[in-house]
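Here's a quick briefing to read alongside the structure. Take a look at the fold first, then come back for the details.

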Amino acid sequence: MTKSFKTLGDFLGTHFIYTYDNGWEYEWYAKNDHTVDYRIHGGMVAGRWVKDQEADIVMLTPGIYKISWTEPTGTDVALDFLPNEKKLHGTIFFPKWVEEHPDITVTFQNEHIELMEESREKYETYPKLVVPEFANITYMGEAGEDNDDVISEAPYDGMPDDIRDGRYYDENYRRLNK
Ligand SMILES: C=Cc1ccc(O)cc1
């Protein structure tokens, strides 16, 4: 994708894959002006995926976007995207229990909201693990808003390469080989 990002509308509907400087690989979709979907391919909670997470999405200045949300696990996230530079900065604030029991969160969260809410009460919150990292964007796709084919299955080994190499979506950004 070679487009220049200027407005909030340019950003909404965009699908990204990026690798943090600590090696963690994430896939994230600006589904609409208040919703995000994501899949985690590498790092402490690789294998986790989430649809329809409510988030605050704003443009700070032309081409620079800030997204913030809090999750049912108690994890908080703040992302600053600079898509024209193919970069972002993300800060993840993990409750202590996610650091100690990451396996509980490695699932399709939408089907396990009660377990996340029970776990955040049952286990410790503090001290939190704060992970602030820059990331390099390795893929950007114009998926359009509210496209449920973007994030529709669990991550698998090789999925980021399938997406980057054009083997995963058709010309209408629908998932191939459903
Ligand atoms: C915890 C979720 C999360 C999603 C995307 C990202 O870049 C960082 C954290």
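**Overall shape and fold**

For a chain of 178 residues, a compact globule would be expected to have a radius of gyration near 16 Å, and the protein chain comes out at 16 Å, so the two agree. Keep in mind that this is a predicted model. The points below go from the whole chain down to two residues, isoleucine 17 and tryptophan 69.

**How far to trust it**

- The mean pLDDT of the protein chain is 98, and 100% of the residues score at least 70.
- As for the model-level scores, ipTM is 0.99 and pTM is 0.98.

**Fold and dimensions**

- You'll find five helices and nine strands in the protein chain.
- Going along the sequence, they come in the order α-β-β-β-β-β-β-β-β-α-α-α-β-α.
- Along the principal axes, the C-alpha atoms fit in a box of roughly 45 × 40 × 25 Å.
- Take the contacts between residues at least 6 apart in sequence: 56% of them link residues at least 24 apart.

**Inside and outside**

- Of the 178 residues in the protein chain, 47% are buried.
- The protein chain has about 8,500 Å² exposed, with 48% of that coming from carbon and sulfur atoms.
- On the charge side, there are 18 positive and 35 negative charges, and their mean positions lie 2 Å apart.

**Isoleucine 17**

- Isoleucine 17 sits in strand S1, which covers residues 14-20.
- Its relative accessibility is 0%, so isoleucine 17 counts as buried, the cut-off being under 20%.
- Setting aside residues up to four places away in sequence, isoleucine 17 touches ten-odd partners you can look up in the viewer, including Glu25, Tyr26, Asn136, Ile137, Pro160 and Arg164.
- Tyrosine 29 is twelve residues along the chain from isoleucine 17, and their C-alpha atoms are 8.8 Å apart.

**Tryptophan 69**

- Tryptophan 69 belongs to strand S6, residues 64-70.
- With 8% relative accessibility, tryptophan 69 also falls under the 20% cut-off and therefore counts as buried.
- Alanine 55 is 14 residues away along the chain, yet its C-alpha atom is 4.7 Å from that of tryptophan 69.
- Alanine 55 is also in contact with tryptophan 69, and so are Trp28, Val36, Tyr38 and Leu79, among others beyond four places in sequence.

Key:
Residues are numbered from 1 along each chain as its sequence is written. This is a predicted model: local features need pLDDT of at least 70, side-chain atom pairs count only at pLDDT 80 or more; totals for chains, interfaces and linings use all residues. Side-chain values use heavy atoms; hydrogens and water are left out. Helices (H or I, at least four residues) and strands (E, at least two) are DSSP runs, numbered from the N terminus. The radius of gyration is taken over C-alpha atoms; the globule rule is 2.2 Å times the number of residues to the power 0.38. Buried means under 20% relative accessible area, exposed over 50%, partly exposed in between (1.4 Å probe, protein chains only). Contact means heavy atoms within 4.5 Å. Accessible areas come from the Shrake-Rupley method with a 1.4 Å probe; for residues, only the protein chains shown count as cover. Lys and Arg count as positive and Asp and Glu as negative; His and the chain ends are not counted. The place of a charge is taken as NZ of Lys, CZ of Arg, CG of Asp or CD of Glu. pLDDT is the predictor's confidence in each residue, from 0 to 100.
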